Amino acid sequence: MKTIIRSLAVTLLAFFMLVTAFPVTASAEEAGFEPRLSSPSRSNAYYNRELNAYSQTGYGMPNCVAYAYGRIYEITGKKPKITHGSAGDWWFINKNNGYYEYGSEPELGAVACWSNHVAVVEKIEGSTVTASQSHWGGRYFDTTVFESGTNRFGQKFYGYIYMSRGYFEEIEREKEEEIRRAADELAQMVKDMETAPPQTDKAQPQPAQLFEQPQQILINSAMLKNAAASSDIIK
C-alpha cells in the first residue's frame, strides 16, 4: 500500500508540474472552429431576419456587414456588439466604444477591416489569410485570399477586430477548470488511500488505472500532448 501511495504522490506531483509548465491554451482549432468556405443557406437564421440585426433593418445580405454580423454570431453563439454602421464605420465604432480588442495580426474568427469592406478570417497560413465575405449589391457569398495587412479592393487596410477572441478564451477557462477538478479528485484519491485499511483479499488498484481519466484530460491539450510524447510520466 505504501508503495502505491508513493507512486500516486509522484504521479500527482508530475501532473501539477505539467499543468504549470504547459498551461492549456484553447486554440480556435482545438475549440472546434470550422471555417466557412461555402455559402450559408438562405434559411440560416444567423444571416436572415430571424437573428441578423442588419436584415431586420432592411440592410440584409448581400451585404458585407450583414454577413460579418451573422458569421460572428454563428461562431460565438452570441449577438455581436456592433449592430449598425457601414463597413467603413466598423473599425471606428469598435475602437470608440471599446467593444472588442483589435490589432494588426490575423486570428481565426476575427473581422478584417478595410476603409469600406469587412470580411471574416477563416484560415491562416503564414501571412496568407483566407476570409469569407459578402458584397453589397453583389455576390451573396464568396471567399478571398490576401496577404495580411495589404490594401485591397482599392481600399486602405485598417486591421482586425478580434470579435471571437472572448469566445475562445471562455473555452480555455472551462478546460483549465476541468483540469483543476481532475487534480482535486486525484488529491482526494491519495488522501483516501492513505487512510484506508489494508486490503488483504482484493487486488489493489494500480496507479495507471487510477490516472486513466486525468491522462485523457491532459491529452486534450495540444501542448500537453507534445510534452507527453517525450515523457515517461503518462505513458
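# Exercises on helix α3 and its surroundings

Asn 63 caps the N-terminal end of α3, placing a side-chain oxygen 3.3 Å from the backbone nitrogen of Val 65. A polar contact is a pair of N or O atoms within 3.5 Å; within protein, one must be able to donate a hydrogen and the other to accept it, and residues adjacent in sequence count only if both atoms are side-chain atoms.

The model is predicted: local features need pLDDT of at least 70, side-chain atom pairs count only at pLDDT 80 or more, and totals for chains, interfaces and linings use all residues. Residues are numbered from 1 along each chain as its sequence is written, and side-chain values use heavy atoms, with hydrogens and water left out.

## Exercise 1. Layout

Task: state how many helices and strands the protein has, and their order along the sequence.

Solution.
1. Helices (H or I, at least four residues) and strands (E, at least two) are DSSP runs, numbered from the N terminus.
2. The protein has 8 helices and 6 strands.
3. Along the sequence their pattern is α-α-α-α-β-β-β-β-β-β-α-α-α-α.
4. Contact means heavy atoms within 4.5 Å. Among contacts with a separation of 6 or more, 61% join residues 24 or more positions apart.

## Exercise 2. Helix α3

Task: compare the span of α3 with the expected value, and decide whether the helix is enclosed or open.

Solution.
1. The expected span of a helix is 1.5 Å times one less than its number of residues. For the 13 residues of α3 this gives 18 Å, and the end C-alpha atoms are 18 Å apart, which agrees.
2. Buried means under 20% relative accessible area, exposed over 50%, partly exposed in between (1.4 Å probe, protein chains only). In α3, 13 of the 13 residues are buried, so the helix is largely enclosed by the rest of the structure. Over the 235 residues of the protein, 43% count as buried.
3. Thr 76 lies in α3 and is buried because its relative accessible area is 13%.
4. A polar atom of the Thr 76 side chain lies 2.9 Å from the backbone oxygen of Ile 72. The Thr 76 side chain also reaches the backbone nitrogen of Lys 78, at 3.1 Å.
5. Beyond four places in sequence, Thr 76 is in contact with Met 163, Ser 164 and Tyr 167.
6. After α3 comes Gly 77, with a positive phi near 75°.

## Exercise 3. The core

Task: find which helix gives the most residues to the largest nonpolar core.

Solution.
1. A nonpolar core is a set of buried Ala, Val, Leu, Ile, Met, Phe, Trp, Tyr and Cys residues joined through side-chain atoms within 4.5 Å.
2. The largest has 41 residues, and those with the most contacts inside it are Trp 90, Val 111, Val 118, Tyr 160, Ile 161 and Met 163.
3. At least two residues each come from α2 (53-56), α3 (64-76), α4 (87-97), β2 (111-114), β3 (117-125), β4 (128-133) and β6 (157-161). The most come from α3, with 9 residues.
4. Outside its neighbours up to four places away, Trp 90 touches residues including Val 65, Ala 68, Tyr 69, Val 111, Val 118, Ile 161 and Met 163.

## Exercise 4. Ring pairs

Task: classify the pair formed by Tyr 54 and Tyr 69.

Solution.
1. Rings of Phe, Tyr and Trp (its six-membered ring) pair if their centres lie within 6.5 Å; planes under 30 degrees apart count as stacked, over 60 as edge-to-face and the rest as tilted.
2. By this rule there are 16 aromatic pairs.
3. The ring centres of Tyr 54 and Tyr 69 are 6.2 Å apart with planes at 70°, so the pair is edge-to-face.
4. Tyr 54 is in α2 and Tyr 69 in α3, 15 residues apart; both are buried.
5. Ring pairs link Tyr 46, Tyr 54, Tyr 69, Tyr 73 and Trp 90 into a cluster.

## Exercise 5. Cysteines

Task: count the disulfides and give the sulfur distance for Cys 64.

Solution.
1. A disulfide is a pair of cysteine sulfur atoms within 2.5 Å. The whole structure holds 0 disulfides.
2. For Cys 64, which is in no disulfide, the nearest cysteine sulfur is that of Cys 113, 9.4 Å away.
3. Cys 64 counts as buried because its relative accessibility is 7%; Cys 113 counts as buried at 0%.

## Exercise 6. Glu 101

Task: locate Glu 101 and identify its polar partner.

Solution.
1. Glu 101 lies in the loop between α4 and β1 (102-103). Its relative accessible area is 46%, so Glu 101 is partly exposed.
2. Beyond four places in sequence, Glu 101 is in contact with Tyr 160, Ile 161, Tyr 162, Arg 165 and Glu 169.
3. The side chains of Glu 101 and Arg 165 form a polar contact of 3.1 Å.
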